[in-house]
Amino acid sequence: MKKAFLLLADGTLFEGTACGYEGKSIGEVVFNTGMAGYQEVLTDPSYYGQIVTMTYPLIGNYGINFEDYESHKSWVSGFIMREMCQYPSNWRCKNTLDDYLKSQKVVGLQGIDTRRLTRILRNSGVMNGIIYTEGYEPTEQDITEMKNYIVKDAVSTVTCEQPSICKAEGETKYHVALLDFGVKYNIERELQARGCEVTILPGNTNPDEIINGGYDGVMLTNGPGDPAENTQIIKNIKALVESNIPMFGICLGHQLMALAIGAKTKKMRFGHRGVNHPVKDLQIDRTYITSQNHGYAVVAESVNPEIATVRYVNLNDGSVEGLDYINHPVFTVQFHPEVCPGPQDTSFLFDRFLSNIENGGNK
Amino acid sequence: MPLRSDIKKVMVLGSGPIVIGQAAEFDYAGTQACRALREEGLEVVLVNSNPATIMTDKAMADKVYIEPMTIEAVKEIIKKERPDSLLPNLGGQTGLNLAMELCEEGFLDEMGVKLLGANPTTIAKAEDRQMFKDTMEKIGEPVIASKVVHTVEDAVSFTEEIGLPVIIRPAYTLGGTGGGIAYTWEELREIAASGILHSRVDEILVEKCITGWKEVEYEVMRDGKGNAITICNMENVDPVGVHTGDSVVVAPSQTLCDKEYQMLRTSALNIITELGIEGGCNVQFALHPTSFEYAVIEVNPRVSRSSALASKATGYPIAKVTAKIAVGYGLDEIMNAVTGKTYACFEPTIDYIVAKFPRWPFDKFVYADNSLGTQMKATGEVMAIAPSFEQAMMKSVRGAEIKLDSLVMPRLQKLSDDEIKAKVAKTNDERLFVICEAFRRDIMTIEEVFEITKIDTWFLHGFMNIVNMEKELAACETLTEDIYLRAKKLGFLDKTIEQMSGKQIGSLKRLPVYKTVDTCAAEFDAETPYYYSTFDDETEVKQSDGRKKVLVLGSGPIRIGQGIEFDYCSVHSVWALKELGCETVIINNNPETVSTDFDTADRLYFEPLTPEDVEGVINAEKPDAAIVQFGGQTAINLAQHVEKLGVPILGTPAWSIDAAEDREKFDVILEKCGIPRPKGDTVMTEDEAVEVADRLGYPVLVRPSYVLGGQGMEIAFSEDDVREFMKVITRNKVENPVLVDKYMMGREIEVDAICDGDDILIPGIMEHFERAGVHSGDSISIYPSINIEQKHKDTIIKYTESLAKNLAVLGLVNIQFVLYNDEIYVIEVNPRSSRTVPYISKVTGVPMVDLATRCMFGEKLKDMGYGTGLYPESDYYAVKVPVFSFQKLRDLDTQLGPEMKSTGEVLGVSKSFKEALYKGLVGAGYKMQKKTGAVVLSVRPADKQEAVSIASRFEALGYELYATSGTANTFNRHMVATNMVYNASEPDKHPNILDMIQDGVVDYVVSTSAKGRHPERASVKIRRAAVEHSIPCLTAIDTANALLSCLESGMKIENCEMIDINTIR
């Protein structure tokens, strides 16, 4: 078996065995604490530019199937596991994880102490790294590049090039414009299931096109990278807000909306990536378990209380998890109500979006 | 929501005696809950008949009632204490059923007692089969095609609709008592009849059999605000068809993708929400292996065995949080004590795999039916934590203390390939090992085994990996570091690696490092040092703080003979050590216990109790000393090893433990002390045993040495008996000699004492109600003794003192004596804690473990305030009555003998002996009301004379007597009118004793026999029939006497004083 390695920016070297694609790849090393859902993680565009390590030790147990992709390809820059399953078992399994990683050219590393890696990331914060297979040892230049790496042009890389349309399930009740910043399929599926015809638009689509496009509402999706780098999109969203069209933002969509009204975002130490994050709805004093994947957050103090109310907060660290906009039919959440992977407890937010469309105002 | 202001005084119901299906997990849950409530400043009134528990300790509740867990007793206590609320969901099915009955009767309303954590509608919706089905249908949750019936005929006609096979599940029972899978019409009739009988409401569910589906459980939690979370899910390695308590279980699920995981999670939360449960709850699902179809099997609206497992598997304290929710808190207001910085309102995520392995009693009960089905048979379980499935399996198997270090079961090696293949289809305690044997011989593929067993191939690949490593080791030319490390990561012990490879490990040897169980996969820094071993580079063991560090070895899984008592002792020792300023480290692998709670010891190692695993911990912690005398035989067996590793044993030295077990060394000591014992000798073979028995004269006692609970011990009346017993004992490899002793049928006396090296303190002398021959754990035991003359007490004190000193006892010692022909003989000395320590501590008020621990630190008894010699006898009598789980174990003879059979015990406490005995018997489940008024007797010749008096006393009470021919003749000759019935050996002749029992027209059965054990014997059939029809069956004349004296007294619980044990000392 070939060896593979992870070299972190601080010089720490992990040695394990190679899996997936052979080669080398630079990225931001992050950890995900979900115990299942690796197929969704691999295909979630929000992981663009990141080398993902799973904290659960046994990955690949149920293989890869054809239904649980969250986009058409894998976006991660590398994938790290403690033990990759060679003999998956599940009735829908069509492929092994190993073969999938190979097909997606994702460099894999297994057999390392993933808990030790997680503890390093927890203590020092997200760190850059380079993952490489034996025979692809990094050069001095690679290491310099790795140390200076930042996830750039993330949205423009993952967004669609051309608009496309997803038909509603059953009768079409509404037309929703979806601004694709790196959309997960399940956002589309949730809307379709509720009778929406969804037009998927490139992330930088001109707002007038949307305002005049006959849409009932706008969906701002999740996506990768530093939200603040998307200056044009932020301006576009500002225009959309002023048009008073009902909008629902998730994750990056939530951050971009906040930036559009003048709030600030900041990079978190190691982010939230997992399916067990408690989020409290301050309005009704209820806490939900949510799926999360973000490395940036909206700064609470930067939100003008006359424009938006912090409705959802993270129970563990108090960070902003959702905003209700006061004068516009707009609400956004940092977590992922569309899940995949993760708990389905907050899927009612899609109903709320539809209710805003149907009734106007912010229900 | 903060603490409710209308709650000031809470009654907590425990789960009563340990039985199969309801074990120490409820002591763990109850203890955690009591502490959580008292933390809130609430007054706690505890009711539990089980004296071996930590929850019945003085410090756990303000008022502690060790009284029968019956509706009458609880009512009396409520009347006396007037609590404002009742917490019913921590005491297992026993606590829940009692609360339901009290509520249904309107008694709680009448007394103004609020039911916390659940309401009767909720409980009924979860527990009543039809209401449950209706509720599930209402919220669109699928259930299996089923029907509730009350008669066998209805069961048959419904089965005609849905087809065989069907599962029969009795309503309101624990561990599925009386249920089973029926594949034929005959089985259907039989199981349905038994199920109806065992149900509290004569009700069974007939259900479409979905054997072979995946079985997945979710532990969920909900608060009064409606916040609902999952603590963890678990997947059974054995598919649907084997009770989850008898299944190998892993956490989290391994073969479910996120969609399946979330589908079932959402369903579980919908269910807990619809039921309105506030607190912990367990939902069991069957998941179709090749579709998204699923069905809800069962909901337990309370904490359970699974929730204890989930707590230990994740670090999330389910019982504590349940208690906090019950008194008003929201999940978002309760801190996560493990991280100290997050809240209880989150879902634990783990970065290891947990395996649970059941501990079955078939090593002791060799004739009991060892097949596994819907009725639970395991007495306990172990849990193992590891980064891989293989390592977790290997750890759990060696931790189960079933004489296996790996998945190789030596006795299967003798079988032919065909026999092995045939055995794969047999669902029993050996199956996993049979599968591995089939893989080892290459006679079956993974697919073939899957076809037969429906065990998911993912798990089978795991077993295959282990077998492949065995082969690789056997084939390796040299043992390389690569092979060695891979074997270690698959969970192989060094000694197994050496044995399989035939090579020395030498300098390759690696000791494990330790990782933390932190509820959050390292996302947050954990406060609690709760560790498990891995073979990695980084260890997380925290620096010590400089206090003297003491290692306490726990007692492993609960089994017959080594129960919860030893956990009680281990925990108390940890507490005493903390008081003494020591840092405490505990090693144990039993998820059901208080000792493995994250905040009992300063450091917890969840590891098997084997020499190598203990060595790893010692290397990591470098303790200053170790204590072994509280962890039962498990810990004792490790004493010499720990000492060899350079860790001094506190208290009684290892040589003394050995001397007490070793016949020759012990004889020398006895001779020196001038103490007589029954004559005997040690043997290694069957022929030697017969020779010794002939020399001593029959009857003789045959038993293996170095075991607990009289394992394998039998009274032999003939050469045939000796040969039969020796065959059983030598079924597994004999490492230690077998003892053959002259059997003396006298009065048995037991003493637990503390010795500080100079003085002894005997808190109490206990007398056994049954004559010698019935194992002390199975005897009714009385404190203070009632039939022992002062001169004998003096002798006992003298002998105890002399033995303790000559064995260099420092700490606890347990001695059993027999009073025979006016002389005291020593039967057995155990220089360690014993089964009776918790109960004697409680009734005398002498904190025995605490004192014993202090003695080990050089303190002297005369300075401790409890005096020396025999402690003044209490004004109260305490009668310990054993409780059995015979209903769960088919074909097991219920006749009491020298081998222990009970799983638990209850205590009756009163100022009068008779009342204490009465309470004890009632608490143990003896029914005292005359129903049919018929008693059936069948006794062995030796008992016939004494049985006459038993019979005449029953007659005097107005009972109609029935007896088999010999017994009936004797009675009639003695003018006790008795009806003759045919024996079970003549099933075609009527009236037959079996018919009477099966027809349920009998109140009591008295059955003794010279020969037993084998299920084909007539007397065994009689006793089994009685058990299966829930008719009290008395197998010793003395026990029958005890029962009669209670019946004659006409006592009622309503007239007994309910005693708060905290006030009697």
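The paragraphs below lead through a predicted model of two chains, A and B, beginning with chain A, passing to the contact between the chains, and ending with chain B.

Chain A has a secondary structure that comes to 10 helices and 19 strands, and its C-alpha trace spans about 60 × 45 × 40 Å along the principal axes. For 363 residues a compact globule would be expected to have a radius of gyration near 21 Å, and the 20 Å of chain A therefore agrees with that expectation. The chain is divided into domain 1, covering 3–151, and domain 2, covering 155–359, and the C-alpha centres of these two domains of chain A lie 27 Å apart. Where the two domains touch, the contact takes 24 residues from domain 1 of chain A and 24 residues from domain 2 of chain A. On the side that belongs to domain 1 of chain A, at least two residues each are supplied by β3, α1 (38–43) and α3 of chain A, with the largest share, three residues, coming from β3(A). By class, the residues on this side of domain 1 of chain A divide into 12 nonpolar, eight polar and four charged.

The strand β3(A) also takes part in a barrel of chain A, in which seven strands close in the order β1-β2-β8-β6-β4-β3-β9 with mixed pairing, and in which the twist from one strand to the next averages 35°. Within this barrel, strand β3 (residues 24–32) of chain A runs parallel to strand β4 (residues 50–54) of chain A, and five bridges join the two. One position at which the reader can follow this pairing is A:Val29, which stands opposite A:Ile51 in β4(A). Two helices of chain A can be placed against these strands. The helix α3(A) lies across β1 (3–8), β2 (13–20), β3, β4, β6 (78–81) and β9 (127–133) of chain A, and runs at about 125° to β4(A). Helix α4 (residues 140–148) of chain A packs on the sheet as well, where it touches β3 and β9 of chain A, and its direction makes about 145° with that of β9(A).

The helix α3(A) leads on to the contact between the chains, which takes 40 residues from chain A and 44 residues from chain B. On the side of chain A that touches chain B, the elements that give two or more residues are α3 (114–124), β15 (265–281) and β16 (286–298) of chain A. Of these, α3(A) provides the largest share of that side, five residues, so that this helix, which lies across strands of chain A, also appears in the contact with chain B. The class composition of the side of chain A that touches chain B is 15 nonpolar, 13 polar and 12 charged residues.

Chain B has a secondary structure that comes to 35 helices and 39 strands, and its C-alpha atoms fill a box of roughly 75 × 70 × 70 Å along the principal axes. A compact globule of 1065 residues would have a radius of gyration near 31 Å, and the 28 Å of chain B therefore agrees with this value. The domain assignment gives chain B five entries, namely domain 1 (9–123), domain 2 (145–209), domain 3 (513–649), domain 4 (679–734) and domain 5 (929–1049). The C-alpha centres of domain 1 and domain 4 of chain B lie 45 Å apart.

An open sheet of five strands in chain B has the order β3-β2-β1-β4-β5, with parallel pairing. Because β3 (63–65) and β5 (114–115) of chain B stand at the edges and each has a single partner strand, one side of each is left without a neighbour in the sheet. Further in, strand β1 (residues 9–13) of chain B pairs with strand β4 (residues 85–87) of chain B in the parallel sense over three bridges, and B:Val10 stands opposite B:Ser85 in β4(B). Helix α3 (residues 92–104) of chain B lies across β1, β4 and β5 of chain B, running at about 125° to β1(B).

Elsewhere in chain B, a pair of helices can be followed at the level of residues. The axes of helix α16 (residues 457–475) and helix α18 (residues 494–501) of chain B come within 7 Å and cross at roughly 55°, and the two helices are therefore oblique to each other. Their contact is made by B:Glu470, B:Leu473 and B:Ala474 of α16(B) together with B:Ile497, B:Met500 and B:Ser501 of α18(B), and by class it has four nonpolar, one polar and one charged residues.

Terms used
Residues numbered from 1 in each chain as written. Chains lettered and ligands numbered in written order. Predicted model: local features only at pLDDT ≥ 70, side-chain atom pairs only at ≥ 80, totals over all residues. Domains from an automatic or database assignment. Axes fitted to C-alpha atoms, helices over the stretch in contact; angles between N-to-C directions. Helix = DSSP H or I, 4+ residues; strand = E, 2+ residues; numbered from the N terminus. Parallel < 35°, antiparallel > 145°, perpendicular 65-115°, else oblique. Contact = placed C-beta atoms within 7 Å. Nonpolar A, V, L, I, M, F, W, Y, C, P; charged D, E, K, R; others polar. Pairing = 2+ DSSP bridges. Rg over C-alpha atoms; globule rule 2.2 N^0.38 Å.
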